[in-house]
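Thanks for coming. Please have a look at the structure on the screen, and then I will go through two places in it.

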Amino acid sequence: MSKTIFNLRIWFVAIILLIASSAKVNADNSSENTKTPKYIFFFIGDGMGLSQANTAEAYLGALNKSNGIKRLNFTTLPNQGFYTTYASDRFITGSAAAGTALSSGEKTSISTIGMDAKRQKPLKSVAEVAKEKGYKVGIVTSVSIDHATPASFYAHQPTRNMYYDISLDLSKSGFNYFAGGGFKHPEGDGKIDENNTMANFGMGADQKLAKKKPNSLEVAKARGYTIINTLDDFKALQKGDDKIISIAPRLAGGKSLPYSIDQDEKTDISLEDFTRKGIELLDNKKGFFMMIEAGKIDWACHANDAATVIKEVLQLDKAVSAALEFYKKHPKETLILIGGDHETGGMALGFSGSHYQSAFSLLQNQNLSYEKFAQLVKEYRESTKQPDVNYGLELVKKHFGLGNEEKNLKLNEFELQQLKDAFEKSMIYEYKMSKDDQFYLLYGSYDPFTVTACHILSQKAGIGWTSFSHTASPIPIRSIGVGAEQFTGFFDNTDVSKRLKKLLE
Ligand SMILES: [Zn+2]
């Protein structure tokens, strides 16, 4: 009798163990299954370090009459990390080397796109890996679609200035959706638009580039792409449309989207719009990978234009919110990452002249970007033989609020003198970039009057700038979803793609 009971007990324990172990196998399997995200969003804020996002939050806080911050969607995500950004041959990186590190998981040299440091061997990007695995792929940017960051995900060229060759690589990729700005050199004439040096930051043209044919847009069409550039065609895009190149209807300098601060909601297509359309077109049973770059945070930081930076960051946050809406519908299959390639401008939430004071709400008085303001200055210079400084002062009052006492933007003697000096220089000639120039420290490569207005408004708000170039500050990365815990801690920019590729395995 007792022997029977003993046997029964043994059987009972064995069965329990069997059930438990099979349950464990199931649990492992399911966690195994959820380890590979089916939908991946990789947002890159070009030039976005901690300060750029936090300044936008402080600005929103100040508009709410708070001394603190109002959080953005993407800064509240549960997983946070930091990474170093140095290139293989320079401590302070550039968008090509940083973009390649983020796309391929390998360090490379300055200006190199998707190739090793010696510019010999192509490096496979995570977007290309995703495509091999059957994912649909989308590349979205607010700058030209052949610019360094987006190019790092589909092109392999020894230098970022080879726009023509990069644009041929674009259609060779076979990716499903390209959207944002236009093409810089579809004709392959090798010339850099002189008016758009801000889009190249003194990299200059690759003079060896001869005029090449055929037009890379025609090549893209022959490879099955549909190219659209009107708002109506954009709106008409729908699920099932594939191999699309969607270019903004109105382009600003460097074939980019107009700055968010300069956009017209009714006629322009925003980064958020392009992201939402990407979700609609790419969503399919096998999943998708979409890289979305907010490319003009960097450009506005180069110009030390704080108000424009904030609007670009807020636009990025809206694009992220589109991804978060998608995530809520597919929480067990989606991964969202928001990183940056490097910090630009050495932006600080503090300035020596404003001591411990901050007044971020003053930035709301700026109603256009430095780019548009510089255009107004240029038009005035070209239309008058005897420039009047009072005209210039009225212009900064109208567009930056500077000198408007009711808006708490009274100018002191020193600021007034800075503006007058800069205006005088702006009226003499069109300022060209020269790093040897004694004026470089004051004005960088920008129109003197414009950059001085940006500086004074920044300083009154309590924001400091230390550079017209990039800095080497580590970059924050925020994430949510499947595998997001892989992107916490302190690591290197190459680890981002290494870990992404591992998740795709
Ligand atoms: Zn830059």
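Which residues coordinate the zinc ion? Before the answer, a reminder that this is a predicted model. The donors are two OD atoms of Asp298, NE2 of His302 and NE2 of His470, at 2.1 to 2.4 Å. The angles among these four donor atoms run from 57 to 152 degrees, and the site is irregular. Along the sequence the donor residues follow the spacing D-x3-H-x167-H. His302 belongs to helix 10, residues 296-302, while His470 belongs to strand 10, so this pair ties together parts that are 168 residues apart in sequence.

Let me stay with His470. Strand 10 covers residues 470-471. Is His470 buried or exposed? His470 counts as buried because its relative accessibility is 13%, under the 20% cut-off. His302 is also buried, with a relative accessible area of 5%. The His470 side chain makes polar contacts with the side chains of two residues: Asp298 at 3.3 Å and His302 at 3.1 Å. Leaving aside residues up to four places away in sequence, His470 also touches others, among them Ile92, Thr93, His342 and Glu343.

The second place is Leu409. Where is Leu409 found? Leu409 sits in the loop between helix 13 (389-400) and helix 14 (413-428). With 0% relative accessibility, Leu409 counts as buried. Again setting aside residues up to four places away in sequence, the residues Leu409 touches include Leu362, Asn365, Phe400, Leu457 and Lys460. The C-alpha atoms of Leu409 and Ala461 are separated by 9.8 Å, and the two residues are 52 residues apart along the chain.

Terms used: Residues numbered from 1 in each chain as written. Predicted model: local features only at pLDDT ≥ 70, side-chain atom pairs only at ≥ 80, totals over all residues. Heavy atoms only, no water. Helix = DSSP H or I, 4+ residues; strand = E, 2+ residues; numbered from the N terminus. Buried < 20%, exposed > 50% of the residue type's maximum accessible area, 1.4 Å probe, protein only. Contact = heavy atoms within 4.5 Å. Polar contact = N/O pair within 3.5 Å; in protein donor to acceptor, adjacent residues only side chain to side chain. Donors = N, O, S within 2.8 Å, 3.2 Å for Na, K, Ca; no water. Tetrahedral: all angles 85-135°; square planar, octahedral: opposite > 155°, others 65-115°.
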